[in-house]
Amino acid sequence: MELAMIGLGKMGLNMATRLVRGGHRVVGFARSKESIHAAEEAGAEGAYSLEEVVKKLKAPRVIWVMVPAGPPTDETIEKLSSLLEKGDTVIDGGNSNYKDSIRHAELLKEKGIHFLDCGTSGGVWGISEGYSLMIGGEVHVVDKMRPIFATLAPGKDQGWGRVGPHGAGHYVKMVHNGIEYGMMEALAEGFNIMKSKKEFELNLDEIAEIWRYGSVVRSWLLDLTANALKDDPTLSDIEPWVADSGEGRWTVAEAIEHDVPAPIITLALQMRFVSRDNENFSARLLAAMRNQFGGHAVKKAD
């Protein structure tokens, strides 16, 4: 098949490359000329505007959007809605909020343009290992796009599938990321506990390697943890500042909306906020309160 990849960040470029290697014709577009050139070096055909993208594809066209969630995705899909024709298909493979995806599907449906929301997991390793694809949309549209999904996935019928109607793909990916937060936090806390046992002089990268085989906690995240600790056992070159993509927040918000207890995911998200608080006024105030009611010593700032 032929398709366009809109957005050529690390993941978009890797996906375009995997598609090219799988025998698909890919037209790549991004705001950065350097990104377009990188796609061309990977075997894709470059385009320098959305108008050029549309002209280079034969109808019915397939456009895969891989840009940041929110306004960038909104603007891209709104622009495409005025350029594409009835029977064309837009796939949003980014991390959009599922409510936005439902809205995008309705917008495009008015013009006879198909829409699929595709939650995509695999990160930078997807180019070699394949991507996990969670797809929302109409069954017959998903079936038409099967060659694309089968190429991007780990196997022809493995690691991808339609999970429900419009919005369901990004909803499932949202929850996936919330679970990911909890798993990452548990691994981080466990290794921190072992690090604190100074008298045992535990070798954390060796322990991670042992756990990778046969243990109940073995996982791809543990594999990546082992890689990180092998490269830098003390992690001294990394600042203790953890970002979040927004999907963890959305997962917690959904849990609250539906009265579903999700303490682990919620706390994992909160711990990411803690990592960014250099001031940590709450901790300072706690220390001050202990000093006030019990005369407990406080450590003075330098």
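A residue counts as buried when its relative accessible area is under 20%. Keep that cut-off in hand as you explore this predicted model.

**Stop one: an aromatic cluster.** Select Phe 149, whose relative accessibility is 0%, so this residue counts as buried. Now add Trp 160, which is buried as well, with a relative accessible area of 16%. How are the two rings placed? A pair of aromatic rings is described by the distance of the centres and the angle of the planes. Here the centres of Phe 149 and Trp 160 are 5.5 Å apart and the planes meet at 35°, so the pair is tilted. Phe 149 belongs to helix α8 (residues 146–152) and Trp 160 to strand β8 (residues 160–164), so their contact ties together parts that are 11 residues apart in sequence. Bring in Trp 64 too: with Phe 149 and Trp 160 it makes up one aromatic cluster.

**Stop two: the nonpolar core.** Keep Trp 64 and Phe 149 selected and add Met 5. In the largest nonpolar core, which has 31 residues, these three touch the most other members. Elements giving two or more residues to this core include β1 (2–6), α1 (10–21), β4 (62–65) and α8. Colour α1 next, since the largest share of the core, five residues, comes from there.

**Stop three: a cis bond.** Move to the loop between α3 (50–56) and β4, where you will find Pro 60. The peptide bond leading from Ala 59 to Pro 60 is cis, with omega near -5°.

**Stop four: charges over rings.** Select Arg 272 and Tyr 181 together: the arginine lies over the face of Tyr 181, 3.7 Å from the ring centre. Then try Lys 197 and Phe 200, where the charged end of the lysine sits over the ring, 5.3 Å from its centre.

**Stop five: a bend in the backbone angles.** Go to Glu 201, in the loop between α9 (168–196) and α10 (204–211). Its phi is near 50°, a positive value in a residue other than glycine. Is Glu 201 buried or exposed? With a relative accessible area of 70%, Glu 201 is exposed.

**Last stop: a pocket.** Select Asn 280, in the loop between α13 (263–275) and α14 (281–294). Asn 280 also has a positive phi, about 45°, although it is not a glycine, and is partly exposed at 29% relative accessible area. Asn 280 helps line the second largest pocket, along with residues including Glu 279, Arg 284, Val 298 and Lys 300. That pocket holds about 230 Å³ of space, and its lining divides into five nonpolar, one polar and four charged residues.

Technical notes: Residues are numbered from 1 along each chain as its sequence is written. This is a predicted model: local features need pLDDT of at least 70, side-chain atom pairs count only at pLDDT 80 or more; totals for chains, interfaces and linings use all residues. Side-chain values use heavy atoms; hydrogens and water are left out. Rings of Phe, Tyr and Trp (its six-membered ring) pair if their centres lie within 6.5 Å; planes under 30 degrees apart count as stacked, over 60 as edge-to-face and the rest as tilted. Helices (H or I, at least four residues) and strands (E, at least two) are DSSP runs, numbered from the N terminus. Buried means under 20% relative accessible area, exposed over 50%, partly exposed in between (1.4 Å probe, protein chains only). A charge sits over a ring if NZ of Lys or CZ of Arg is within 6 Å of the ring centre and within 35 degrees of the ring normal. On a 1 Å grid over the protein atoms alone, a cavity is a set of points where a 1.4 Å probe fits but cannot get out, and a pocket is an open set with protein on both sides within 12 Å along at least five of seven lines; lining residues have an atom within 4 Å of a point. Grid points are joined across faces, edges and corners, and a volume is the space filled by probe spheres set on the points. Ala, Val, Leu, Ile, Met, Phe, Trp, Tyr, Cys and Pro count as nonpolar, Asp, Glu, Lys and Arg as charged, and the others, Gly among them, as polar. A nonpolar core is a set of buried Ala, Val, Leu, Ile, Met, Phe, Trp, Tyr and Cys residues joined through side-chain atoms within 4.5 Å.
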